Amino acid sequence: MRRSILLAALLQVACDGCGHSPPAATTDVPARPSVTRAPSAAPRGSAPAAPSASADPGPLLPAKELTWVYDTTPTGPIQVVISLPVRRESQRFPVLVALHGRGEAFKGPARGARGWIDDYWLPKAIERLHEPPLTKKDFLDIVDEARLAKLNASLEKEPYHGLIVVCPYTPDVLAGDKPFSAVTPFATWLVEELLPRVKRETPAIGKPEATGIDGVSLGGRVSLLTGLERPEAFGDVATLQAAFDSEDAPELTRRARAATTRNPKLELRLLTSDGDFFLRATRTISKAWTDAGIAHQFVEIPGPHDYPFNRGPGAYEMLLFHDRVLRGEPPPIPQP
């Protein structure tokens, strides 16, 4: 019964989301490059500083977008869009795997993989993080003054350096009788095939401690299950409004305990909002983890479970958190 309630909530979110379109202006979205077709078929803190003329006299390379096509994977066809930051030739960056919500899963591999890029305005958030201070307008007015001030204070103290953001199409893994185990084929492909290719073909640091995973709603569900199943592959695992039930807390606690035993340095974060359909579930999971002694950051901020959240606080909170943690630094706003 609870699974049908979860599916109904997500279906409503997906249907609502399809009614939103990207902004009319496309100047913040890089042009799509030619597509490469994949053949059928991982230390924090060591990244160079952000590009600056004084630090490195070499020329700046522009931001670039890659698209990789996988005709066959254990979960079907998948496309992956990769956002490379402005950089110098010698620079290497942490990697963030960012997973989209269920609305984009319905759009298919080509359009779905572009969820964070086109639908959630990721390029705009990256641009603004490099040009602080952030404003309420950047957050689409979905932010309280105190948190905005803290984020800006963090950026004033330490600039946003940049990430390689890897955006794979995320299949809907809620179907079936065993939705937790349904993520295993995707997690295996991501860790054993996609991440090694990212290490080979992009300016990635390429070490697990400099690799993170995050996602919104369905993507948050998949990111947490993937990270807890393969904890040695990641330095941090986080979620945005993850699609879970309160009754999932005991199993997620068991998995989190096992994951942090295998990787004691793994950083965990659960982020929800006051208008999130899964607010109660996320609170319940966080409390269960706290009671079990599982260190993690729990964040509750304003916002709906909808595209405005993804385009505003979701994108900024996600990017800045991983930019800090995957470089061995404290989160932008430490846990109280």
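1. How many bridges join strand 8 to strand 9? The count is 2, and these strands run parallel. One facing pair can be picked out: isoleucine 213 stands opposite valine 237 of strand 9. Bear in mind throughout that this is a predicted model.

2. First, the overall picture. The protein has 336 residues, and 56% of them count as buried. Its secondary structure comprises 11 helices and 11 strands. About 13900 Å² is exposed, and carbon and sulfur atoms supply 56% of that area.

3. Strand 8 is a good place to start looking. It covers residues 211-215, and 5 of its 5 residues are buried, so the rest of the structure largely encloses the strand. Its residues point two ways. Thr211, Ile213 and Gly215 go one way, while Gly212 and Asp214 go the other, and all are buried.

4. Strand 8 also has strand 6 as a partner. Strand 6 spans residues 95-99, and the two pair in the parallel sense over 5 bridges. Look for leucine 99, whose bridge partner in strand 8 is glycine 215.

5. Now follow the chain out of strand 8. Strand 8, helix 8 and strand 9 make a β-α-β unit, and the unit is right-handed.

6. Next, the charged pairs. A search of the whole structure finds 18 salt bridges. One of them joins lysine 107 to aspartate 119, with the closest N and O atoms 3.3 Å apart. Lysine 107 sits in the loop between helix 2 (102-105) and helix 3 (108-112), and aspartate 119 sits in helix 4 (residues 115-119), so the pair ties together parts that are 12 residues apart in sequence. Which side of the burial cut-off does lysine 107 fall on, buried or exposed? Its relative accessibility is 19%, and buried means under 20%, so lysine 107 counts as buried. Aspartate 119, at 7%, counts as buried too.

7. A second salt bridge links the side chains of glutamate 232 and arginine 262, at 2.9 Å from N to O. Glutamate 232 lies in the loop between helix 8 (218-229) and strand 9 (236-240), and arginine 262 lies in helix 9 (residues 249-262); the pair therefore ties together parts that are 30 residues apart in sequence. Glutamate 232 is partly exposed, at 41% relative accessibility. Arginine 262 is partly exposed as well, at 43%.

8. Aspartate 323 and arginine 324 meet through their side chains in a salt bridge of 3.6 Å, N to O. Aspartate 323 is buried, with a relative accessible area of 0%. Arginine 324 is buried at 3%. Elsewhere, Glu65, Arg114 and Asp118 are linked in a network of salt bridges.

9. Then the aromatic rings. The whole structure holds 6 aromatic pairs. In one, the rings of phenylalanine 180 and phenylalanine 244 have centres 6.2 Å apart and planes at 85°, so the pair is edge-to-face. Phenylalanine 180 is in the loop between strand 7 (164-168) and helix 7 (184-201), and phenylalanine 244 is in the loop between strand 9 and helix 9, so this contact ties together parts that are 64 residues apart in sequence. Both phenylalanine 180 and phenylalanine 244 are buried.

10. Why is the pair of phenylalanine 186 and tryptophan 189 called tilted? The ring centres are 6.0 Å apart and the planes stand at 40°. Planes under 30 degrees apart would count as stacked and those over 60 as edge-to-face, so this pair is tilted. Both residues belong to helix 7, 3 residues apart, which is about one turn of the helix. Phenylalanine 186 is buried, with a relative accessible area of 0%. Tryptophan 189 counts as buried at 3%. Ring pairs also bring in Tyr70, giving a cluster of Tyr70, Phe186 and Trp189.

11. Last, two arginines that sit over rings. Arginine 197 lies over the face of tryptophan 68, at 3.9 Å from the ring centre. Arginine 269 lies over the face of phenylalanine 321, at 4.1 Å from the ring centre.

Definitions and conventions
Residues numbered from 1 in each chain as written. Predicted model: local features only at pLDDT ≥ 70, side-chain atom pairs only at ≥ 80, totals over all residues. Heavy atoms only, no water. Salt bridge = Lys/Arg side-chain N within 4 Å of Asp/Glu carboxyl O. Helix = DSSP H or I, 4+ residues; strand = E, 2+ residues; numbered from the N terminus. Buried < 20%, exposed > 50% of the residue type's maximum accessible area, 1.4 Å probe, protein only. Pairing = 2+ DSSP bridges. Right-handed = clockwise from strand over helix to strand, strands pointing away. Phe/Tyr/Trp six-rings, centres within 6.5 Å; stacked < 30°, edge-to-face > 60°. Lys NZ or Arg CZ within 6 Å of the ring centre and 35° of its normal. Areas by Shrake-Rupley, 256 points an atom, 1.4 Å probe, with all protein chains shown as cover.
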